[in-house]
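Here are some exercises to work through with the model open beside you. Try each task before you read its solution.

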Amino acid sequence: MELSTDTVLASLEMSEIKSDDGSSEGDAYYESLPAHASLSTHMTAGAVAGVLEHTVMFPVDSVKTRMQSLQPDPKAQYSSVYGALKRIVQTEGFFRPLRGLNITVLGAGPAHALYFACYEQIKRSLSDVIQNGGNSHIANGIAGSVATVLHDAVMNPAEVVKQRMQMYNSPYRSLYDCVVTVSRKEGLAAFYRSYSTQLTMNIPFQAMHFITYEFMQERFNPQRQYRPETHILSGAAAGAVSAAVTTPLDVCKTLLNTQENVALSSAHVSGHLTGMVNTFRTVYRLGGVPAFFKGVRARVIYQMPSTAIAWSVYEFFKYFLTQHEPNFQELGRASVKTGPT
C-alpha cells in the first residue's frame, strides 16, 4: 500500500494551524468533542480513567472499608489513615491493602466505560434542549444520575466481593472462593443486596460531583480547552464535596455488603440484613449519629485524588483520541484511494 505524501502532510499540518485567538484548531475540535467524538472514544477514555482511579488509591479504600466497621476487632481499630496502613502492612503483610484489587479492576473498566459514555451523550442532548447547547447544571445532574444507574449495575457485585475481602480476618482465600461461597450460602441476590442503597448514595453523589466539576470548569476553564491543572483541581473539589456529604449512605452500603457478623449480633439482627431503612436503624442503634460518619476522613482522602485522577485521565484520553481521529480518518481515506500497488 502507498499513501499520498501530500495528503499525509496536509492532515498533520492541520493540527498545527492556529486560530485568531491563539488556540489551535485541535483545541476547538476538543471543545466540541461531545458533538463529534465517537462512542468508542468516550468508552475507551472512561475505561482507562476508571481503572486508574480505583487502582492508584486502592490501599486507602481498604482502610476506609475497615474504618467504617461498626464493631471492629480490637486489632483493627485505627485512628488515622496512615496509622491504619502502617499497621496493616506490619501485621498482615505488604500486599494486604491490595486484597480485592483484581475484582475491582475487572468491574471498573466496563462500568466506567458505560458511565462516561452515557454521561456525555445525555448531557449533550439535554443541554441542547435546556440551554441551547450551553452548560446546564440540570443537564449535568440528570446525566450523572442516569449514568450512575448503569455504572452501579455493573460495579455492585464487584463492590460486594471487594469489601468482603478487604475486611479484617476475611475468611475468603481468593476472589473465586469469595464468589462461590457467597453464591452458595446467600444466593446470587447477595451481590445486589446493597444496590438500592448504592443508588440512593451514588445518584446524589454523582449529581453533586458532576455539578461541582462543571461549575469549577466554568470558573477556571470557560473555553473548555484541554488544561490538565483545571481538570485535576475540579475533579478533586468535586470528589471531596460529594464524598463528605454522602458518607452516611456509604456506611450503610458497607454494612449491607459485608454483613458484619459481630455488628449484626450486637444489634440482635438474625439472618441477613436487608433494606435501606433497616440498615439505617441498625447503624443508629449501634453508634448513634456519629456512626454514620465513620471513615469520613478516609473517604474524602480517597475520593479527592481518585476523582482528580479519573477526570484528568479521562480528559487527556478524550483530547488524545480526538486529536488523532481526523488524521486516522484522512489516512484511511488516502489508503483506500491509492489502493494496493
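Helices (H or I, at least four residues) and strands (E, at least two) are DSSP runs, numbered from the N terminus. The model is predicted, so local features need pLDDT of at least 70 and side-chain atom pairs count only at pLDDT 80 or more, while totals for chains, interfaces and linings use all residues. Residues are numbered from 1 along each chain as its sequence is written, and side-chain values use heavy atoms, with hydrogens and water left out.

**Exercise 1. Take stock of the chain.**
Find how many helices and strands the secondary structure of the chain comes to.

Solution. Step one: the count gives 15 helices and zero strands. Step two: of the 341 residues, 48% are buried, where buried means under 20% relative accessible area, exposed over 50%, and partly exposed in between (1.4 Å probe, protein chains only). Step three: take the contacts (heavy atoms within 4.5 Å). Among those with a separation of 6 or more, 77% come from residues 24 or more positions apart.

**Exercise 2. Describe a helix pair.**
Work out at what angle helix α5 and helix α8 pack.

Solution. Two packed helices are described by the angle between their axes and the distance between the axes. Axes here are lines fitted to C-alpha atoms, for helices over the stretch in contact, and angles run from 0 to 180 degrees between N-to-C directions. For α5 (residues 58-67) and α8 (residues 137-166), the angle is about 75 degrees and the axes are 9 Å apart. That makes the two helices roughly perpendicular; the classes are under 35 degrees for roughly parallel, over 145 for roughly antiparallel, 65 to 115 for roughly perpendicular, and oblique for the rest. Next, list who touches whom: α5 brings F58, D61, S62, K64, T65 and R66, and α8 brings K162, Q163 and Q166.

**Exercise 3. Explore the largest nonpolar core.**
Identify which of its 15 residues touch the most other members.

Solution. A nonpolar core is a set of buried Ala, Val, Leu, Ile, Met, Phe, Trp, Tyr and Cys residues joined through side-chain atoms within 4.5 Å. The residues to pick are F116, Y119, W311 and Y314. Helices α4 (39-56), α7 (101-130), α8, α10 (195-220) and α15 (296-338) each supply at least two residues of this core. Now zoom in on Y314: leaving aside neighbours within four places in sequence, Y314 is in contact with H42, A45, G46, A49, F116 and E120.

**Exercise 4. Place Q217.**
Decide whether Q217 is buried or exposed.

Solution. Q217 lies in helix α10. With a relative accessible area of 2%, Q217 is buried. Beyond four places in sequence, Q217 touches P222, R224, T230, H231 and S234. With H231 there is also a side-chain polar contact of 3.4 Å; such a contact is a pair of N or O atoms within 3.5 Å, where within protein one must be able to donate a hydrogen and the other to accept it, and residues adjacent in sequence count only if both atoms are side-chain atoms.

**Exercise 5. Check two backbone angles.**
Find where N169 sits and where R224 sits.

Solution. Most residues other than glycine have a negative phi. N169 has a positive phi, near 55 degrees, and is found in the loop between α8 and α9 (175-186). At 57% relative accessibility, N169 counts as exposed. R224 also has a positive phi, near 55 degrees, in the loop between α10 and α11 (228-245). R224 is partly exposed, at 24%.
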